[in-house]
Amino acid sequence: MVAPSAAPEIFPTQAPAPGWLTGKPGVGTITWTGCAGFLFDVEGTRICVDPFVSNPGFVDAFFRPARPNAALVRQKFPDVAAAFIGHSHWDHAMDVAVLAAAGTVVHGSTTTAELCRRQGVSDARLVQVGDGDRISVGPFTVEVIESRHGIVPLASKIDVIELRGQGMPSTPFRWPRGAVFAYRVEFGGQSVHVQTSAGIADGPLARQAPADVLIACLAARQGTPHYLQRLGEQLRPKVLIACHHDNFLHPVDQRPRPVPRLDWPEFLESAAELRQKYGTRLVQLPRGVAVDF
Ligand SMILES: [Zn+2]
């Protein structure tokens with residue numbers, strides 16, 4: 001008799017069993033670092049998407065200038081060759097300048113680049129990207145995919161879109177959004193689509209070939225109709241990984257808590273639909289743990 005399996009918990013502490021992606025582990029590792037942050041390590045080359053671990057608390061996020069936890073950033077993202085930034089809000093871009101100072105080449109929108117410049121990053125470490133660009137870094141090729149931001153109720157009305165004036169925004173909350181990108185990361189015959197925010201730009205998505213892995217931002221997806229269904233239909237992923245479902249007002253070294261309005265049951269329903277249609281497996285990555293693929 002088969003016992004009914006319990007619904008997967010939101011934040012497991014166990015890594016998935018080896019072979020979950022390629023069937024022959026040892027190709028490299030992937031680390032979900034929190035929010036939309038991922039660190040990929042293949043053949044000794046490291047790249048990351050949306051590195052953010054400073055997680056200022058409520059008071060620091062809303063009332064004080066951004067102050068990255070540089071030691072923590074360097075600890076979580078050592079020797080990263082290239083960073084790819086989805087957009088310039090603080091929970092995606094606040095820690096990027098620390099990495100640039102340590103030698104990482106930052107890829108992102110003109111807004112991300114200007115925020116870095118205003119923090120003293122030299123142009124030699126900045127690459128402004130646009131839809132369809134393909135960038136090679138060691139064993140990786142990364143394609144830039146124009147995308148949209150998820151719709152955050154209330155916040156959308158007071159959201160800062162572009163960087164204005166001189167100097168840095170007064171608080172992390174005032175960091176401008178700028179352009180929004182998803183990224184397709186390819187290495188060793190595998191492809192990983194990282195949907196860094198929960199909006200969709202239909203044209204650029206329609207250009208995408210199927211992907212082995214879909215990493216989907218869950219925060220603020222409610223404003224994007226049929227969000228996971230549309231991503232799934234285009235990408236037909238073998239594996240689905242959730243991200244940006246942890247509350248970023250709490251430190252990354254504490255046990256993760258869900259974002260408000262996560263609606264985990266709705267996500268599991270969508271994941272089950274993808275499994276039924278395309279055979280997609282839901283794989284959950286424990287936060288902060290390098291997982292073999
Ligand atoms: Zn955002």
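1. Let's start with the second largest pocket, which comes out at about 200 Å³. Its lining counts 15 residues, and those closest to the centre are Thr31, Thr33, Leu39, Lys76 and Gly288. Bear in mind throughout that this is a predicted model.

2. Which elements give two or more residues to that lining? They are strand E1 (28-34), strand E2 (37-42) and helix H2 (70-76). E1 gives the most, with 3 residues. By class, the lining of this second largest pocket splits into 5 nonpolar, 5 polar and 5 charged residues.

3. On to the cavities. The structure has 3 of them at 30 Å³ or more, and the largest has a volume of about 50 Å³. Around this largest cavity you'll find Ile10, Pro12 and Trp32, then Ile241, Ala242 and His245, and finally Val283, Gln284 and Leu285. The class count for that lining is 7 nonpolar and 2 polar residues, with no charged ones.

4. Now the metal site. Three histidines coordinate the zinc ion at 2.1 Å: His87 through NE2, His89 through ND1 and His149 through NE2. Along the chain, the donors follow the spacing H-x1-H-x59-H. His87 sits in the loop between strand E4 (82-84) and helix H3 (90-93), while His149 sits in the loop between strand E8 (140-147) and helix H6 (155-158), so this pair ties together parts that are 62 residues apart in sequence.

5. Are His87 and His149 buried or exposed? Both are buried. One caution if the zinc site looks short of ligands to you: water is not among the atoms, so sites may look incomplete.

6. Last, the cysteines. How many disulfides does a search of the whole structure find? The answer is 0. Take Cys217, which is in no disulfide: the nearest cysteine sulfur is that of Cys243, 5.5 Å away. Seen from the other side, Cys243 is in no disulfide either, and the nearest cysteine sulfur to it, that of Cys217, is 5.5 Å away. The cut-off for calling a disulfide is a pair of cysteine sulfur atoms within 2.5 Å, so the Cys217 and Cys243 sulfurs, at 5.5 Å, do not count as one.

7. A word on where these two cysteines sit. Cys217 has 2% relative accessibility and therefore counts as buried. Cys243 is buried as well, with a relative accessible area of 0%.

Key: Residues numbered from 1 in each chain as written. Predicted model: local features only at pLDDT ≥ 70, side-chain atom pairs only at ≥ 80, totals over all residues. Heavy atoms only, no water. 1 Å grid on protein atoms, 1.4 Å probe; cavity = no way out; pocket = protein on both sides within 12 Å on 5 of 7 lines; lining within 4 Å. Points joined across faces, edges and corners; volume = space filled by probe spheres on them. Helix = DSSP H or I, 4+ residues; strand = E, 2+ residues; numbered from the N terminus. Nonpolar A, V, L, I, M, F, W, Y, C, P; charged D, E, K, R; others polar. Donors = N, O, S within 2.8 Å, 3.2 Å for Na, K, Ca; no water. Buried < 20%, exposed > 50% of the residue type's maximum accessible area, 1.4 Å probe, protein only.
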